[in-house]
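Please take me through this model in the viewer, telling me what to select at each stop and what I should find there.

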Amino acid sequence: MANLPKDPALDSTLAILKDGYSFIQKRRRRFNSDLFQIRLMLQPTICIGGEEAAEVFYEPERFTRKGALPKPILWSLQDEGSVAVLDAAEHHRRKQMFMSMMNPASIAKLVDLFESAWREALPHWCGDKSIALLDVANGVLCQAVCRWSGLVLNKETLDSRTTELAAMIDGAGTPGPRNWRGLWLRRRTEKWARSVIAQVRRGDLEVAPDTPLSIIAFHEDDQGARLSETIAAVEWLNILRPTVAIGRYIMFAGHALHVHKPDRQRLLDDDNYLTSFVQEVRRYYPFFPFTGGFVRQPFEWRGHKFAKGDRVLLDLYGTNREETIWKNAEQFEAGRFLDAEITPFNLIPQGGGAFDTNHRCAGEWITIELLKKASRLLVGAMSYEVPEQDLSIDLSRMPAQPPEGFVIAQVRPSTQTSAPKAATRRKPATAER
């Protein structure tokens with residue numbers, strides 16, 4: 001590309017904070033180009049998007065993730081020494097540790113624990129009170145993933161861990177008070193996690209050898225050395241925290257059930273339709289805005305020569321909303337994936353490429369299965385009202401959500417398969433709480 005489009009702004013950092021998820025997508029449309037250059041924190045940065053761009057970005061060993069994320073975001077989401085910042089053989093071995101936990105039997109066990117925790121919590125949601133679906137989903141997920149990893153928590157500890165993990169997620173995308181709170185609470189969580197790892201290694205805490213906690217605590221590198229206590233704790237949290245983050249998808253599933261009104265009975269009866277609905281939730285709603293890396297091996301794409309050390313951002317949100325890939329991309333269509341082809345590079349809400357050899361999220365299958373179960377529980381295990389509230393989703397907020405986390409009320413256990421009752425007009429939930 002002889003003339004790589006360049007954003008005329010001196011620096012685009014504030015514009016990213018203003019536009020959020022849509023930053024790259026807007027400029028790709030403005031420049032009519034799938035790649036353009038900006039300055040991010042005064043450093044030249046190339047933004048790319050689309051299916052072909054994802055394939056370029058996820059070419060094995062082409063990019064390194066080291067230094068790609070600003071430190072506050074890295075500390076909130078992954079941390080130093082985690083699998084996300086490793087490359088080559090070191091990354092492959094650590095990634096295999098995570099992939100060993102993602103077999104069908106293990107995932108099914110987590111889903112069963114999640115359903116049990118949901119049904120255990122359901123009576124506490126009932127009555128005349130209003131609850132935020134995001135908050136209660138976070139708690140259920142935290143309980144389930146801790147039990148799955150080998151640890152049963154008492155209520156006080158569970159509440160603390162849920163608060164801390166949720167704060168890390170909520171503060172990851174934007175500098176300021178939310179980020180500072182998440183980082184402050186992370187210190188407490190990491191201290192607890194290191195203590196648990198130490199107890200497991202000493203034999204003071206017995207966990208089954210096939211549990212994630214045991215697998216991580218006793219994982220060895222290529223030289224036969226265990227991970228340091230600190231890194232093992234970080235990687236264990238990289239199981240717990242992303243699972244709690246699925247609460248955002250559960251919140252969006254509730255939003256989609258109410259706003260886009262899929263066939264609720266079919267969600268209960270037809271697993272293919274349910275899977276399609278879940279994939280459409282993942283495609284349509286904002287999760288990660290983009291991901292980044294630094295070029296390790298020079299290459300050329302669309303006439304532009306990428307040099308070693310160039311910083312590149314890949315548009316995840318915009319690729320999932322790409323009109324050349326998805327017909328009526330800005331519309332939610334629950335049955336879209338009954339016949340749509342999914343490749344490693346066109347549906348990338350949690351990254352793209354290969355699971356085993358790249359940085360694609362190891363927990364993507366867990367996300368899909370937990371979201372399927374949560375959707376069926378919302379439709380078939382309970383009835384509820386959706387009070388009047390602001391259901392808009394501000395894309396400048398990272399991570400994005402409705403302002404109140406999608407509030408539901410008048411929750412009742414149910415064995416029926418009917419839809420939630422229509423809400424009566426009353427004061428907004430904000431005024432009631």
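In which sense do strand 3 and strand 5 pair, and over how many bridges? Select residues 290-295, which make up strand 5, together with strand 3: in this predicted model the two pair in the antiparallel sense over 2 bridges. To find one contact point, highlight T64, whose bridge partner in strand 5 is F294.

Now widen the selection to the open sheet, which is formed by 5 strands in the order 1-2-8-5-3 and has mixed pairing. Its edge strands are strand 1 and strand 3 (63-64), each of which pairs on one side only.

Move next to strand 1, residues 35-40, which is mostly covered, since 5 of its 6 residues are buried. Adding residues 43-49 brings in strand 2, which pairs with strand 1 in the antiparallel sense over 6 bridges; here F36 has C47 of strand 2 as its bridge partner. Between the strands of this hairpin lie 2 residues, and M41 in the hairpin takes a positive phi near 50°.

For the last stop, leave the sheet and display the second largest pocket, with a volume of about 520 Å³. Its lining comprises 21 residues, and those closest to the pocket centre are G139, V140, K155, L158 and D159. Colour helix 6 (104-125), helix 7 (133-149) and helix 8 (155-170), the elements that each give two or more residues to this lining; helix 8 gives the most, with 7 residues. If you then colour the lining of the second largest pocket by class, you should find 9 nonpolar, 6 polar and 6 charged residues.

Technical notes: Residues numbered from 1 in each chain as written. Predicted model: local features only at pLDDT ≥ 70, side-chain atom pairs only at ≥ 80, totals over all residues. Heavy atoms only, no water. Buried < 20%, exposed > 50% of the residue type's maximum accessible area, 1.4 Å probe, protein only. Helix = DSSP H or I, 4+ residues; strand = E, 2+ residues; numbered from the N terminus. Pairing = 2+ DSSP bridges. 1 Å grid on protein atoms, 1.4 Å probe; cavity = no way out; pocket = protein on both sides within 12 Å on 5 of 7 lines; lining within 4 Å. Points joined across faces, edges and corners; volume = space filled by probe spheres on them. Nonpolar A, V, L, I, M, F, W, Y, C, P; charged D, E, K, R; others polar.
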